[in-house]
Amino acid sequence: MWLPSLLSILLAWALLPHIAVPLLERLHGTTASAYDRLVAALSALLLLAGLSLLSSIMCGGLWSFILRGVPIAKPYYVGFGADERRLAILAALKALLLFAWASAAMIFVGAMMALVTHISAPVSPLVLALAILISLLTLSWLMTRLSLAGPATISAQRVSLKASWQASAHNVARLQQVAALLMVPAALLTLIFALLLMSLAWWLSTHAPNTGVTAVELARYCTALLRELLPVVLLFFYLLILLLAALFIVARALEYQALAPPPGGPL
């Protein structure tokens, strides 16, 4: 998976600045031009499409190997055949379901807020938080029920949401527990890396030249030095993405193997 993961990092590195600039301008009270907003929208679409394509390549290669014994080309795999096309279609279907959830969540939260504000305005913040929590729990449940659709699609060699829905019917809590456990090593590594960066920033601030230096100049000095560590930061996130991808892709295949009905059984 090393090459598709690397391409994902490079794609995000190239496109995220175009997406972030209009957002930063809005946070600072300025309005981005129509051209900048168009570039941001196109960059976001290109980023999502590219990451979906690269994710399909990574998942397709590993799942085909685990579930059907299809050999993986070495030293890298960037094939895009029938399996990857099915996974891309599956990603589009999940995106449509996510859009449907977002629309329903907005209607639900808006209706709750309108009802509570009309009856008792002082409790509206609590009701808003509760409505958002219910919407997020619904999303978590929905995504868990569909989390095995990728392995099911590769195993059956056809786009399949029904197989995942039935395999996960009585296993939502267990699947979520596995996902939480898989996040532990990544969370610990991220925490350690963040602490190292914060310690380095503190060390730089205490050892920076301070004779006649203003706070703004000191901040710029530390920022310039930390910017030199950008390759190290990118390398860390690359390895982190590679670790998470390997853990979750393999786990999904093994979960599907464990929970799917036997061959010839009903789906």
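**Close-ups of three packed helices in a predicted model**

**View 1. Helix 2 and helix 9 lie oblique to each other**. We start with this pair in a predicted model. The angle between helix 2 (residues 34–68) and helix 9 (residues 230–259) is about 40°, and their axes are 10 Å apart. Since oblique covers what is left once angles under 35 degrees, over 145 and from 65 to 115 are set aside, that is the label this pair gets. As for handedness, helix 2 goes past helix 9 in a right-handed crossing. On the helix 2 side, the contact uses Met58, Cys59, Leu62, Trp63, Ile66 and Leu67. Helix 9 answers with Ile249, Val250, Arg252, Ala253, Tyr256 and Gln257. Sort those residues by class and you get 10 nonpolar, one polar and one charged.

**View 2. Helix 2 from end to end**. Here's a quick check on helix 2: with 35 residues at 1.5 Å a residue, it should span 51 Å. The C-alpha atoms at its ends sit 49 Å apart, so the two values agree. Look just past the helix and you'll find Gly69, which follows helix 2 and has a positive phi, near 70°.

**View 3. Helix 2 meets helix 5**. Now swap the partner. The axes of helix 2 and helix 5 come within 9 Å, crossing at roughly 60°, and this pair is therefore oblique too. Helix 2 passes helix 5 in a right-handed crossing. From helix 2, the residues to pick out are Gly60, Trp63, Ser64, Leu67 and Arg68; from helix 5, they are Gly150, Pro151, Ile154 and Ser155. The class count for this contact is four nonpolar, four polar and one charged. If Trp63 and Leu67 ring a bell, that's because they belong to the helix 2 side of the contact with helix 9 as well.

**View 4. Helix 5 against helix 9**. This view closes the set of pairs. Helix 5 and helix 9 pack at about 70°, with 8 Å between their axes, so they count as roughly perpendicular. Their crossing is right-handed. Pro151, Ala152 and Ser155 of helix 5 touch Arg252, Ala253 and Tyr256 of helix 9. Those residues split into four nonpolar, one polar and one charged.

**View 5. How confident is the prediction across the protein?** The mean pLDDT of the protein is 81, and 81% of its residues reach 70 or more. Which element has the highest mean pLDDT, and which the lowest? Helix 5 (residues 149–156), already met in the close-ups, comes out highest at 92. Helix 8 (residues 215–227) has the lowest value among the elements, 62.

Methods: Residues numbered from 1 in each chain as written. Predicted model: local features only at pLDDT ≥ 70, side-chain atom pairs only at ≥ 80, totals over all residues. Heavy atoms only, no water. pLDDT = per-residue confidence, 0-100. Helix = DSSP H or I, 4+ residues; strand = E, 2+ residues; numbered from the N terminus. Axes fitted to C-alpha atoms, helices over the stretch in contact; angles between N-to-C directions. Left-handed = near helix turned anticlockwise from the far one by under 90°. Contact = heavy atoms within 4.5 Å. Nonpolar A, V, L, I, M, F, W, Y, C, P; charged D, E, K, R; others polar. Expected span 1.5 Å × (residues − 1).
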